[in-house]
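Me: I have a two-chain model open and would like to go through it with you. Shall we start where the chains meet and then look at helices and backbone?

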Amino acid sequence: MIGMAAASAAVARGTRAPEELPYAQAAQQQQTAQPPAAPPAQAPTQPAAPPVATEAPAHIGPVIVLNPAHGATDTGARGENGIFEKDLVLEFAMATRAELQRQGYRVVMTRTDDSNPSYDDRAAIADAFRDFIFISFHISSTGTPGTARTYYYQFWNPFTIAQTAPAAAQTVPYAAGKNAPATAKAVATPLHALIPWEEAQRPETEASHRLADILQADLAQHFPGSPAVSSGAEVRDLRSVTGPAIDVEVSSVAVTDPNSLRVMAAPLAAAIARSIAAFHPASAAGDK
Amino acid sequence: MPRNLKIALAILIVAVLAGLISLRGLHRKIARLSESPTTEEQARRDLLAPPISTASDVATTAKIFWAAGPDRLAPVDVQMALSADPTQRAKQVLHALITDPPTEAQRTLPADATLLSFYILPDGTGIADFSDALETETPSGISSEELAVNSIARTLENNVPALRRLKILIHGEEVDTLAGHVDLTGFFDLNPPGPPPAPLNSAASAVAPAGATTAAAAVQSAHH
């Protein structure tokens, strides 16, 4: 069950911080951040799924990996009027891709058709990049229609690397996210140790939480009734992602007219673009 | 008219009448079946999981966590007989969680869900094995799935102090997610409760089932 991701990748990832690099250096780093050149973030035992679609290669900054959840026989939430989560999230992701590409971002989708890559394949697509942001789309079957929520992965149990990895002479402290469970105390993490594939998101929890809060604050302004802050949850599709990763969940498939959800696509895409720019200032339009 | 023809016609008429009568009965049976109040899963639960009672049962107040909104849980104090044996006690509170929500709006787990088995490992890990209905009938969505998982975890941690963490299985097997979103591949930490918190708001009282007393402060399901 425990596939091991290269852990030094996370340590290296912690030292990257493109926003601190000069423009040209960041650009060069991005140019080299192609899947074949950046395998360390990927678990040796996990499938090396190639990105489905890559566009706008001239852009700098993080690659934006959009993940329309579900697909194929996994319909996700189902509305009584024949609304399937899998179809609408694909439309949301497509609209977001168009908006981000319009602003010059490089966008990769985990699926562009009615297929259903595994959770690990989807994570592997993102993890192949050195610098990326992972955004997953969902539609709930409950909740107030017209609202949207963002989630980051919140681990229930304490960091366990120190117990599972081979002893190492040098250690770095692991700082739990500010909203991490009380049990998630700081635990020494061996440098160059392996990160369990199942916990690849853990070192990114704080960054993911920050991105989720930025987006949620924007969503609260544009979709009345949405909460002001994001929530932590154990959402499966984020767990093995080695970069900032969030879920966006729109409510809900219970609406009678799917068009009432479709009209949310454009403002949602715009909110995501603004939030990415705020989260990653080096990639904002003014800096391009 | 020849006699043979008369006999044949009479037999034919009797056969048609008999057919009509039996068809009507068949129609009634089908109607009764379609109106049956218990599903197959419920019938199985009635057979396999009758109310749990043990020799060590003592009347006490259990804290059962039901929904207090679309993404919030609130503990409801329920007077019930609980066993001294932690395994049986866990079964009793989970049985109550599924079968006795004060109102349908407070339900967090599908009515058809059944706790197939529960056992505790020496390290304090509780293994809760639920029927398929938990996976197939929980409303798909991050909030609703979080609510379901948290209601199980919070109810166990507040009533079975011996438990340290929880693993949820579906029909004896580990599954990726509850209903497409919330991760069930890991363990959920359970923290035995400290001193009871003061109620935040007296208006937080909820309608409790027979024997219930009060509802305590609401807790947000997503944060624990």
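Me: How many residues does the contact take from chain A and from chain B?

Reply: Happy to help! This is a predicted model, in which local features need pLDDT of at least 70, side-chain atom pairs count only at pLDDT 80 or more, and totals for chains, interfaces and linings use all residues. Residues are numbered from 1 along each chain as its sequence is written, with chains lettered from A and ligands numbered from 1 in the order in which they are written. Two residues are in contact if their C-beta atoms, placed from the backbone, lie within 7 Å; the contact takes 26 residues from chain A and 24 residues from chain B.

Me: Which element gives the largest share of the side of chain A that touches chain B?

Reply: Strands here are DSSP runs of E, at least two residues, and helices runs of H or I, at least four, numbered from the N terminus. Two elements give two or more residues to that side of chain A, β11 (245-250) and β10 (231-233). The largest share, three residues, comes from β10(A).

Me: Are α3(A) and α8(A) roughly parallel or oblique to each other?

Reply: Helices α3 (residues 85-102) and α8 (residues 265-279) of chain A pack with axes 8 Å apart, at an angle of about 50°; axes are lines fitted to C-alpha atoms over the stretch in contact, and angles run from 0 to 180 degrees between N-to-C directions. Angles under 35 degrees count as roughly parallel, over 145 as roughly antiparallel, 65 to 115 as roughly perpendicular and the rest as oblique. Therefore α3(A) is, relative to α8(A), oblique.

Me: Why does the end-to-end distance of α3 in chain B agree with a helix of 14 residues?

Reply: The expected span is 1.5 Å times one less than the number of residues. For α3 (residues 86-99) of chain B, that gives 20 Å, and the end C-alpha atoms are apart by 20 Å.

Me: Is A:H70 buried or exposed?

Reply: A:H70 sits in the loop between β3 (63-68) and α3 of chain A, and has a positive phi of about 65° although it is not a glycine. A residue is buried with 20 or more other C-beta atoms within 10 Å of its own, exposed with 12 or fewer, and partly exposed in between; C-beta atoms are placed from the backbone. A:H70 has 25 C-beta neighbours inside 10 Å, so it is buried.

Me: Which residues does a cis peptide bond join?

Reply: Most peptide bonds are trans. The cis bond here has an omega of about -15°, and A:S252 is found in the loop between β11 and α7 (259-262) of chain A. The joined residues are A:S251 and A:S252.
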